[in-house]
Amino acid sequence: MASLVLTGDTSGQVTISAPAVAGTNTLTLQAATATNAVNTLATAVASTSGTSIDFTGLPSWIKRITVMLSGASLSGTSDFLIQIGAGSVTSSGYVSTCNNGAGTNTSTTSGFRITVSSGAADVAYGIAIISTLGSNIWTQSGLISGGSAMRSSAGGLTLGGTLDRVRITTVNGTDTFDAGTINILYEG
């Protein structure tokens, strides 16, 4: 197997090895000004206080964001809501519907609603995936387990600019986070 080793100016190295099977493989690198990270895990945030959790300063090359909830809970009966933005958080114009697993659908235009009919004792586990179609058009789908039901959600939004932030908040805007962890994984 042939290998190419690139040594850094100050430290470290990258080794590129051809596979031991016949055929041709192509890896296209992004422009020199872009970051070539394919998957980037942000820093997890304890969802134990406040009414929202923001991930800001996100790079312009993002094509997909996975929002992950582990044991996340709210102080009241409001539901979880994800909002995205370009320069500031967008709080209107969404097309979003969530099903509580028992036949109740709830729609909203203020964000991607990822839970519905939650109780204060419910603890949320799951993911919501936000992907771009290009031209600042974003779609969302998710599965969140909480209480005794599996919530499914889907939606869409066209941003007025390049996405650079994600907010996890509540539908009513006043219930506070009181347990768990929330994080995002973004991909180029």
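Where is S47 found? S47 sits in the loop between β4 (45-46) and β5. The model shown here is predicted. Its chain has 15 strands and zero helices. Of its 188 residues, 37% count as buried.

**The chain as a whole**
- The accessible surface of the chain is about 9700 Å². Carbon and sulfur atoms hold 53% of that surface.
- Take the contacts in the chain with a separation of 6 or more. Residues 24 or more positions apart account for 68% of them.

**S47, a buried loop residue**
- S47 counts as buried because its relative accessibility is 0%, and the cut-off for buried is under 20%.
- Leaving aside neighbours within four places in sequence, S47 is in contact with I53, A72 and S73. The same list holds a run from the later part of the numbering: F177, D178, A179, G180, T181 and I182.

**The largest nonpolar core**
- The largest nonpolar core has 31 residues. I65, V67 and I84 touch the most other members.
- Seven strands are named as giving two or more residues to this core: β5 (53-56), β6 (64-74), β7 (80-85), β11 (124-134), β12 (137-146), β14 (165-170) and β15 (177-187).
- The largest share, five residues, comes from β6.
- I84 touches many residues beyond four places away in sequence, among them V89, F112, I130, W138 and L157. R165 is also one of the residues that I84 touches.

**The first hairpin and its surface patch**
- Strands β1 and β2 run antiparallel, and five bridges join them. One bridge pairs S3 with S17 in β2.
- Five residues lie between the two strands of this hairpin. G12 takes a positive phi there, near 80°.
- L4, L6, V14 and I16 make a nonpolar surface patch of about 350 Å². β1 (3-7) and β2 (13-17) are the elements that give two or more residues to the patch.
- L6 belongs to strand β1. L6 is partly exposed because its relative accessible area, 46%, falls between the 20% and 50% limits.

**Salt bridges**
- A search of the whole structure finds five salt bridges.
- E187 and R64 form one, with their closest N and O atoms 3.0 Å apart. E187 lies in β15 and R64 in β6, so the pair ties together parts that are 123 residues apart in sequence.
- The two partners differ in exposure: E187 is buried, at 14% relative accessible area, whereas R64 is partly exposed, at 35%.
- D122 and R151 form another, with the closest N and O atoms 3.3 Å apart. This pair links distant parts of the chain: D122 is in the loop between β10 (112-113) and β11, and R151 is in strand β13, 29 residues away.
- R151 counts as buried, at 4% relative accessibility.
- The side chains of R165 and D164 also meet in a salt bridge, at 2.8 Å from N to O. Both R165 and D164 are buried.

**S131 and its surroundings**
- S131 is in strand β11.
- Its C-alpha atom is 8.7 Å from that of I62, and 69 residues separate S131 and I62 along the chain.
- Apart from neighbours within four places in sequence, S131 is in contact with K63, R64, I137, W138 and T139. R64 is also the salt-bridge partner of E187.

Technical notes: Residues are numbered from 1 along each chain as its sequence is written. This is a predicted model: local features need pLDDT of at least 70, side-chain atom pairs count only at pLDDT 80 or more; totals for chains, interfaces and linings use all residues. Side-chain values use heavy atoms; hydrogens and water are left out. Patches are made of residues with over 30% relative accessible area and no salt bridge: like charges are joined within 9 Å, nonpolar side chains (Val, Leu, Ile, Met, Phe, Trp, Tyr) within 5 Å. Accessible areas come from the Shrake-Rupley method with a 1.4 Å probe; for residues, only the protein chains shown count as cover. A salt bridge is a side-chain nitrogen of Lys or Arg within 4 Å of a carboxyl oxygen of Asp or Glu. Helices (H or I, at least four residues) and strands (E, at least two) are DSSP runs, numbered from the N terminus. Buried means under 20% relative accessible area, exposed over 50%, partly exposed in between (1.4 Å probe, protein chains only). Two strands pair if DSSP finds at least two bridges between them. A nonpolar core is a set of buried Ala, Val, Leu, Ile, Met, Phe, Trp, Tyr and Cys residues joined through side-chain atoms within 4.5 Å. Contact means heavy atoms within 4.5 Å.
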